[in-house]
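Good morning, and thank you for joining this group meeting. I would like to take you through one structure that is new to most of us.

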Amino acid sequence: MFWRGFSESSDGFSDEGCHVVTSRSNSEETVCSCNHLTHCAVLFDYNDGTKLSKQDETALKIITYVGLSLSIMGILVTSALYFFFTDVRQPLSQIRLSLSASLGVGQLIFLAGVHATEHTAACIAVAALMQHFLMAAFCWMLVEGVYLYLFVVKVYNINTKMYMYHVISWVGLPMIMMAISLGIAAAKEGIQSYVSDKYCWLSSTNNLIWIFISFVTFIEVVNILILVRDIMEMTNLVQPTGEDDHIQQIRIGIKACALMIPLLGVTWLFGLLSPIQRLLLTFSQYSTLLRVS
């Protein structure tokens, strides 16, 4: 394959005019023949060319269902603890309960209907609801970051603003983003293009998935900035007078980071960075030039 540009293909690579010379290729060397001159390379196929075996698919399904079941159990325990042992009228309790509820509902919808592809209307409804509740969860993660920033840095109480955060996080932003996604799908190839062929989730063929990714990325970047600002403020609460105080500053920062990273959803960045890792691996293979005959 050779680099042709994103305007020509979805991944930028093309094998037009080239083929493998099987009579001269073996397990250690691949010989290609092309009718044009350019830099060519053998690339790993990161798309649908490599199919998972039934055993692998079964193992992945088991891991998914067991993992989500444990997650839902953890969400229920967390919600119960906050409901019975904290004052639910306080902003932090409302934020944590709302975050748990949105994540829990989104995961339940996933378990119940992600494979309902045989019914188009139901599949679209499942994907839309999942998009809504997952985006609501990220909105509440952003509210968590804003709350920590106002509480730690500005020393400001947001009790009077909670109704506004509920409206924005439960209805406002998720509904707007979901409506935009459905509108784009309906305008391009019909409402059925909103979901993929394999799963009841946003389609990647018409780039609808990037609406969700962009939304998540924006919130993650904002929360990381808030996280750094909060940790700096918390470490400054202890004025160093010696080596022991400096170590105490470091401990405060580490504790703050360990507590806030899961709450602000920074761990979701591992999922967002996987396409970048795939792209880097692809280009690393492209650097291996082969003989062109």
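I shall speak about the overall layout, then the cysteines, then the core, and finally a patch on the surface.

Please keep in mind throughout that this is a predicted model.

Let me begin with the layout. The chain has 293 residues, of which 35% count as buried. Its secondary structure comes to 7 helices and 4 strands. Read from the N terminus, the order of elements is β-β-β-β-α-α-α-α-α-α-α. If we take the contacts between residues at least 6 apart in sequence, 67% of them join residues at least 24 apart. The chain exposes about 17,800 Å², and carbon and sulfur atoms supply 66% of that area.

I turn now to the cysteines. As a reminder, a disulfide is a covalent bond between the sulfur atoms of two cysteines. How many disulfides does a search of the whole structure find? The search finds 2. With the bonded cysteines numbered in sequence order, the pairing is 1-2, 3-4.

One disulfide joins C18 to C34, with an S to S distance of 2.1 Å. C18 belongs to strand β3 (residues 18-20) and C34 to strand β4 (residues 32-34), so this pair ties together parts that are 16 residues apart in sequence. The torsion about the S-S bond of C18 and C34 is about 115°, so the disulfide is right-handed. C34 has a relative accessibility of 14% and counts as buried.

Another disulfide links C123 to C200, with the sulfurs 2.2 Å apart. C123 sits in helix α3 (residues 120-152), while C200 is in the loop between α4 (162-188) and α5 (209-235), so the pair ties together parts that are 77 residues apart in sequence. The link of C123 and C200 is left-handed, with -120° about the S-S bond. C123 is buried, at a relative accessible area of 2%, and C200 is buried too, at 0%.

Why is C32 not bonded to C34? The closest cysteine sulfur to that of C32 is in C34, and at 6.1 Å it is too far for a bond. C32 is nevertheless buried, with a relative accessible area of 11%. C139 is also buried, at 4%.

Next, the core. In soluble globular proteins, nonpolar side chains tend to be buried together. In this model, the largest nonpolar core has 43 residues, and those with the most contacts inside it are F138, W140, Y194, W201, F212 and F215. The elements that give two or more residues to this core are α2 (91-113), α3, α4 and α5. Which element supplies the largest share of this core? That element is α3, with 18 residues.

Y194 may serve as an example of the surroundings within this core. Leaving aside residues up to four places away in sequence, Y194 touches I124, A127, A128, Q131, M178, S181, L182, A185, W201, L202, S203 and L208.

Finally, let us move to the surface. V77, L81, F83, F84, F85 and V88 make a nonpolar surface patch of about 670 Å². One of these residues, F84, is placed in helix α1 (residues 54-85). Is F84 buried or exposed? F84 is exposed, with a relative accessible area of 62%.

To close, I would recall the contrast between two sites: C200 is buried at 0% relative accessible area, whereas F84 is exposed at 62%. Thank you for your attention.

How values were computed
Residues numbered from 1 in each chain as written. Predicted model: local features only at pLDDT ≥ 70, side-chain atom pairs only at ≥ 80, totals over all residues. Heavy atoms only, no water. Patch = residues over 30% accessible without salt bridge, like charges linked within 9 Å, V, L, I, M, F, W, Y side chains within 5 Å. Areas by Shrake-Rupley, 256 points an atom, 1.4 Å probe, with all protein chains shown as cover. Salt bridge = Lys/Arg side-chain N within 4 Å of Asp/Glu carboxyl O. Buried < 20%, exposed > 50% of the residue type's maximum accessible area, 1.4 Å probe, protein only. Disulfide = S-S within 2.5 Å. Core = buried A, V, L, I, M, F, W, Y, C linked by side-chain atoms within 4.5 Å. Contact = heavy atoms within 4.5 Å.
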